[in-house]
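Please look over the structure shown here with a briefing in hand that covers a helix and its end, a loop residue and the cysteines.

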Amino acid sequence: MSSIAEIGRVLQDKTAPLKDRFRALFTLKNLGGNEAVEAISACFDDESALLKHELAYCLGQMQNVHAIPYLVRVLEDKSQEAMVRHEAGEALGAIGDNSALQVLQVFAKDPVVEVAETCQLAIGRLKWLREQSSAETDLPANPYCSVDPAPPTQLASLEDLRRDLLDEDLPLFHRYRSMFTLRNMGTTESVLALAEGLKCKGALFRHEIAYVLGQIQSDACVKQLTQNLEDASESPMVRHECAEALGSIATPEATAVLHRYLKDAERVVRESAVVALDMSEYENSDQFQYADTLNKISSGVSNQPEAVET
């Protein structure tokens with residue numbers, strides 16, 4: 001049996017701790033290939049919306065067209081949670097293949113606003129790849145190696161980027177471009193500008209703000225992320241992303257906040273706190289990668305994780 005199959009068994013084991021399944025998932029993402037896509041896609045029947053959302057995210061980041069039919073089925077399945085369907089739509093945009101355009105156009109009018117907005121963004125990305133990407137060759141580099149829902153924009157002043165980010169009359173794709181440009185800048189000033197977006201309208205937008213703040217890993221936004229996490233009236237998809245961002249930041253203050261949400265009323269928030277604390281433990285360790293369950297497929301004698309560079 002292949003290593004991928006063995007890691008897939010960890011991911012697919014519904015009795016395994018969630019943090020172990022997450023580590024297996026990200027190991028499969030890093031290994032890549034059709035077999036890994038199939039092992040990941042086999043878990044879309046899970047009860048955990050958090051896990052299923054992360055499955056879709058990883059499939060998008062892998063950019064393997066083999067995943068498209070699986071993601072389309074998830075997007076079309078109205079019984080799936082909104083945050084899972086949204087992530088499937090975003091993943092189709094991340095893969096960047098025009099074969100997904102027709103289904104994205106259908107669900108760009110979905111009654112679930114987060115799904116509709118996600119598909120509109122994905123269409124925007126496909127259009128940009130087709131029509132503009134070759135012309136915009138001097139865009140700021142992405143230091144995070146992620147496939148984003150929108151490209152950065154031409155460098156502008158921080159104040160101009162902040163203005164466009166927070167202007168709710170602008171198209172969402174335009175605002176996202178400013179968002180990712182501010183993220184790539186990675187300064188305290190850009191972090192604080194991004195954190196202002198946590199008070200904007202639109203759960204999808206606020207959730208993406210929390211995601212990029214987690215990528216930057218600056219402690220300058222712990223207070224703002226905590227405020228949204230503490231707000232019981234906030235969308236669970238935003239609160240979950242704030243929890244994961246705090247896990248990435250991994251300061252003692254951020255970790256202390258997460259411990260308070262291990263018994264939250266919302267399952268996705270509880271589970272995010274568990275995963276985020278595992279992320280925090282990793283960030284404060286000497287491990288080479290978060291997604292490390294390769295020791296589980298060895299003899300089981302060694303407790304030291306096998307390092308895989310990402």
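In this predicted model, Gln217 lies just after helix α12 and takes a positive phi of about 65°. The helix that precedes Gln217 covers residues 203-216, and the notes below begin with that helix.

**Helix α12**
- Helix α12 has 14 residues and reaches 20 Å from its first C-alpha to its last, which is close to the 20 Å expected at 1.5 Å a residue.
- Because 14 of the 14 residues of α12 are buried, the helix is largely enclosed by the rest of the structure.

**Asn64 and its surroundings**
- Asn64 sits in the loop that runs between α4 (49-62) and α5 (68-76), and with a relative accessible area of 16% this residue is buried.
- The side chain of Asn64 makes a polar contact of 2.9 Å with the side chain of Asn34, and the Asn64 side chain also reaches the backbone nitrogen of His66 at 2.9 Å.
- Leaving aside residues up to four places away in sequence, Asn64 touches Gly33, Asn34, Val37, Leu59 and Ile95.

**Cysteines**
- With a disulfide taken as a pair of cysteine sulfur atoms within 2.5 Å, the count comes to zero disulfides.
- Cys145 is in no disulfide, and the nearest cysteine sulfur, that of Cys58, is 15 Å away; Cys145 is exposed, with a relative accessible area of 72%.
- The cysteine sulfur closest to that of Cys200 belongs to Cys242 and is 13 Å away, which is too far for a bond, while Cys200 itself counts as buried at 8% relative accessibility.

Conventions
Residues numbered from 1 in each chain as written. Predicted model: local features only at pLDDT ≥ 70, side-chain atom pairs only at ≥ 80, totals over all residues. Heavy atoms only, no water. Helix = DSSP H or I, 4+ residues; strand = E, 2+ residues; numbered from the N terminus. Buried < 20%, exposed > 50% of the residue type's maximum accessible area, 1.4 Å probe, protein only. Polar contact = N/O pair within 3.5 Å; in protein donor to acceptor, adjacent residues only side chain to side chain. Contact = heavy atoms within 4.5 Å. Expected span 1.5 Å × (residues − 1).
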